[in-house]
Amino acid sequence: MRKRLGELLCERSQLSEALLGRALCEQAEKGCKLGEILLSLGCITERQLMSALAEQAGIGKAELDDISVSADVIGLVPAELVSKYSLIPISRKNGQLSVAMVDPFETQAIADLRLVTGCSIRRYFGTKAELEKAILKYYGSNVARMLENLAPSERPGGVDDAIFENGEMSTAKLHELAREPSLVNLVDLILLEAIEARASDVHIEPFEKQVNIKYRVDGMLMEKSTSPKRLQSAIISRIKIMANMDIAERFVPQDGHIEFGGKGGKIDIRVSTVPTIFGESITMRILDRSAALISLEDLGMNSHTLDVFSQCLAKAHGIVLVTGPTGSGKTTTLYAALNKIYSPSLKIITIEDPVEYQLDGVIQMPVNPRRGLTFGRGLRHILRQDPNIIMVGEIRDKETADIAIRAALTGHLVFSTLHTNDAAGAVTRLIDMGVEPFLLASSLEGVLAQRLVRRMCPACKEPYKPSASLLRSLNNSVSVPEDQQLYHGVGCDECNNTGMRGRVGIFEMLRITEGLRKLIAGRPTAEDIIKNASSEHVCMRHDGIAKIIDGSTTPEEVLRVTQGIEEG
């Protein structure tokens, strides 16, 4: 007799009887599938559910690390299907094709495989991490190996061996090579894998003997694979063609844009190239517009910070700043703020470089320096559009700062970002730019400084004791209690064996009080501002310690992102 799903999960110690009972009660009320309810409650991971369902259905698990797949079998299934459904063919025997799948219950994938291969399909379950590794091995580097091993007359476009060397190629030959199906598939797989891995950036880095491919995931750069040096020109040319860039120009930096079809819809990719001594280096920023915007309440602010920031958002006029380095989530915070205060009765206009996500009901203007549309010029014209609220992507110069502050003084609520280490530094930075202190004192309502720390993976989180020296480095006026139970992630398939999955913000909120306004008018230092801040002011290090104690992140993470920040 087939075991029930809940029984299987309890046998595996992946679910408690109490949680199963709760889920079954909810299932009786809503009539949903038990697996869906368990996932929504956070009782189990998607991988645990899929593994249990596969066992329940009698579907075996493929041990992909122990399997060698022949080129003939790989050739049966095109890369498009492999990346679309996260599957890989394993073997073929007597008209039956064995396939490892992340989701062996995907009926459309089975139908497509039957149609393409003409075989009956035998399903196996494979973990996401193992499948990603196998796909890269057989469909990524395999393409590279295949091209390397071809005779000169058989290589793409029938061109000779010279086009694969470091020497110059003609533009026509570059176009010809970059449009070969094998190269198209290789570049598509790189992008698809990056999107699947939740990467924010893809780096293609040329060196003397190879080309490194790296992804930035949760703020950390990870080397994923290398490509043969002889494929460098082809890969770079393919990306430049996709981004509508000039492939004949290899000695000056270029910027471009790709609209790429992902599983969830269209994904925007910003492309930047720079010349190096070993060829062009490419960085691609992935902007997934289909991803849901994070709400203000889900960013990770504590109740006091959220309350004070919300008070700033409720103001009729003034300027509110979000500060931090590149990649610290400033734009995400501003989008969450605009989403929270949006109302059809308000006219909200943004000027950004570039527009990263589309907000319903908000007029969004992209900066275009080539056509003379800078932040300063665009902001001047926005003021003629009768807005209530203005969002300026970044204050980069005195002109933009002056216009933003004057807009705040004339009845507009203005949001913007600034690159400073902490909240107090925003005040001194604007004064250093040339903003009159008395104007800044009159218009500034609040400054939110932030960083992003990686969250612990819930699937492999376990107790641990960090070193005493680490805790001493972390502690200041707020400390981690000696008897506090701390956690870290040990690494699993869910988190690519990093122990971390996703990110959460740590914040410092500086509310501008009447006392601080008088101080700002006198050109204070950052230390003066912190000393005179509200007694409830909490610095980022302290907020990070609170997130260590509640089990969201680790001491190493907080120390990593708060090094060099003034402590309150």
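1. Is Tyr 335 buried or exposed in this structure? Tyr 335 is buried, with a relative accessible area of 1%, where buried stands for under 20% relative accessible area, exposed for over 50%, and partly exposed for what lies in between (1.4 Å probe, protein chains only).

2. On the basis of the note: this is a predicted model, in which local features need pLDDT of at least 70 and side-chain atom pairs count only at pLDDT 80 or more, whereas totals for chains, interfaces and linings use all residues. Residues are numbered from 1 along each chain as its sequence is written, and side-chain values use heavy atoms, with hydrogens and water left out.

3. On aromatic contacts: a search of the whole structure finds one aromatic pair, a term for rings of Phe, Tyr and Trp (its six-membered ring) whose centres lie within 6.5 Å, with planes under 30 degrees apart counted as stacked, over 60 as edge-to-face and the rest as tilted. The pair consists of Tyr 335 and Tyr 357, which meet edge-to-face at 5.9 Å centre to centre, with 85° between the planes. Because Tyr 335 lies in helix H13 (residues 330-341) and Tyr 357 in the loop between strand E11 (348-352) and strand E12 (363-366), the pair ties together parts that are 22 residues apart in sequence. Helices (H or I, at least four residues) and strands (E, at least two) are DSSP runs, numbered from the N terminus.

4. On a charge over a ring: Lys 461 lies over the face of Tyr 487, at 5.2 Å from the ring centre. The criterion here is that NZ of Lys or CZ of Arg is within 6 Å of the ring centre and within 35 degrees of the ring normal.

5. On the cysteines: the search of the whole structure finds zero disulfides, a disulfide being a pair of cysteine sulfur atoms within 2.5 Å. Cys 460 is in no disulfide, and the nearest cysteine sulfur, which belongs to Cys 492, is 3.8 Å away. Cys 460 counts as buried at 7% relative accessibility, and Cys 10 is likewise buried, with a relative accessible area of 17%.

6. On salt bridges: the structure holds 18 of them, each defined as a side-chain nitrogen of Lys or Arg within 4 Å of a carboxyl oxygen of Asp or Glu. One of them joins Glu 297 and Lys 340, with the closest N and O atoms 2.9 Å apart. This pair links distant parts of the chain, since Glu 297 is in the loop between strand E9 (279-287) and helix H12 (303-313) while Lys 340 is in helix H13, 43 residues apart. Glu 297 counts as partly exposed at 43% relative accessibility, and Lys 340 is partly exposed, with a relative accessible area of 41%.

7. On the loop between E11 and E12: Asp 353 forms a salt bridge with Arg 396, the closest N and O atoms being 3.0 Å apart. The two residues are 43 residues apart and link distant parts of the chain, with Asp 353 in the loop between E11 and E12 and Arg 396 in the loop between strand E13 (389-392) and helix H15 (398-409). Asp 353 counts as partly exposed at 37% relative accessibility, and Arg 396 is partly exposed, with a relative accessible area of 42%. A cis peptide bond joins Asp 353 to Pro 354, with omega about -10°, and Pro 354 is also found in the loop between E11 and E12.

8. On a buried salt bridge: Arg 454 pairs with Glu 557, the closest N and O atoms being 3.1 Å apart. Arg 454 is in strand E15 (residues 444-456) and Glu 557 in helix H22 (residues 555-562), so that the pair links distant parts of the chain, 103 residues apart. Arg 454 is buried, with a relative accessible area of 17%, and Glu 557 counts as buried at 3% relative accessibility. Elsewhere, Glu 445, Arg 511, Glu 514 and Arg 517 are joined into one network by salt bridges that share partners.

9. On backbone angles: Asn 94, although not a glycine, has a positive phi of about 50°, and it lies in the loop between strand E1 (87-93) and strand E2 (96-101). Asn 94 counts as exposed at 76% relative accessibility. Asn 496, again not a glycine, has a positive phi of about 60°; Asn 496 lies in the loop between strand E17 (486-489) and strand E18 (500-511) and counts as partly exposed at 31% relative accessibility.
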